[in-house]
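Hi there,

Here is the structure I promised to pass on. Have a look at it first, and my notes follow underneath.

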Amino acid sequence: MSLSLHDASVPVFRHMLGALDGLLAKGEAHAKAQGYDPDVLLHTRLFPDMFPLSRQVQIACDFAKSVSARLADVEVPAMADEERSFEELRQRIAKTLAFVEGLDALLFEGAAEREIVLRPGTPKERRFDGRGYLLQYGLPQFFFHVTTAYALLRHNGVPVGKLDYMGGR
């Protein structure tokens, strides 16, 4: 029995977005317990040229929904990047989860061989088959942004660890 691209993507996105939601909840609670505005954390960066926490969460959600949509051969839903609070970011995660979980596994049939073209007709155009798109592009990008969000919270004193990142708590 082979592993379908649905099974290699949707459950992974579901699990890690759930973990990211938990990390955000802990970040907000920690800030409140320490007596400072939780929104301060949303603007933190690991380095000046990197995106802040809020953008890391948005991009993680973008990869979860866009990779899933392209593999299922459905339109990628648009989401405006307007979240300005922990609550709004957690709502974005919930919307992303609802979309990803709503994709029927049958839509992923043939996805491994399906051609995925990113930025068509531009100098940045990239072409993948579905398997390569998921394993060599989509999942690494998704994990980069989830990991960076975790690192930003940890770096700013939020008491989170590997179990939180893995969704174990």
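How many helices and strands does the protein have? There are six helices and two strands, and please keep in mind that this is a predicted model. Going along the sequence, the elements come in the pattern α-α-α-α-β-β-α-α.

On the overall form: a compact globule of 169 residues would have a radius of gyration near 15 Å, and the 17 Å found for the protein agrees with that. Along the principal axes, the C-alpha atoms occupy a box of roughly 50 × 40 × 25 Å. As for burial, 45% of the 169 residues count as buried. I also looked at contacts between residues at least 6 apart in sequence: 68% of these join residues at least 24 apart.

Most of my time went on helix H3, which covers residues 53–72. With its 20 residues, H3 reaches 29 Å from the first C-alpha to the last, close to the 28 Å expected at 1.5 Å a residue. Is H3 enclosed by the rest of the structure, or open? Largely enclosed, because 18 of its 20 residues are buried. Just after the helix, aspartate 73 takes a positive phi of about 60°.

One residue of H3 that you may like to look at is glutamine 56. Its relative accessibility is 2%, so glutamine 56 counts as buried, the cut-off being under 20%. What is glutamine 56 in contact with, leaving aside its neighbours within four places in sequence? The list is Phe51, Phe144, His145, Thr148, Ala149 and Leu152.

H3 also packs with helix H4 (residues 86–101), at an angle of about 10° and with the two axes 9 Å apart. Angles under 35 degrees count as roughly parallel, and H3 and H4 are therefore roughly parallel to each other. From H3, the contact is made by Leu53, Ser54, Val57, Gln58, Cys61, Asp62, Ala64, Lys65, Ser68 and Ala69. H4 contributes Phe86, Leu89, Arg92, Ile93, Thr96, Phe99 and Val100. Sorted by class, this contact of H3 with H4 has 10 nonpolar, four polar and three charged residues.

If you open the model with H3 in the middle of the view, two things are there to see: the contact with H4, and the buried glutamine 56 with its contacts, among them Phe144 and Leu152.

Happy to go through any of this with you.

Best wishes

Definitions and conventions: Residues are numbered from 1 along each chain as its sequence is written. This is a predicted model: local features need pLDDT of at least 70, side-chain atom pairs count only at pLDDT 80 or more; totals for chains, interfaces and linings use all residues. Side-chain values use heavy atoms; hydrogens and water are left out. Axes are lines fitted to C-alpha atoms, for helices over the stretch in contact, and angles run from 0 to 180 degrees between N-to-C directions. Helices (H or I, at least four residues) and strands (E, at least two) are DSSP runs, numbered from the N terminus. Angles under 35 degrees count as roughly parallel, over 145 as roughly antiparallel, 65 to 115 as roughly perpendicular and the rest as oblique. Contact means heavy atoms within 4.5 Å. Ala, Val, Leu, Ile, Met, Phe, Trp, Tyr, Cys and Pro count as nonpolar, Asp, Glu, Lys and Arg as charged, and the others, Gly among them, as polar. The expected span of a helix is 1.5 Å times one less than its number of residues. Buried means under 20% relative accessible area, exposed over 50%, partly exposed in between (1.4 Å probe, protein chains only). The radius of gyration is taken over C-alpha atoms; the globule rule is 2.2 Å times the number of residues to the power 0.38.
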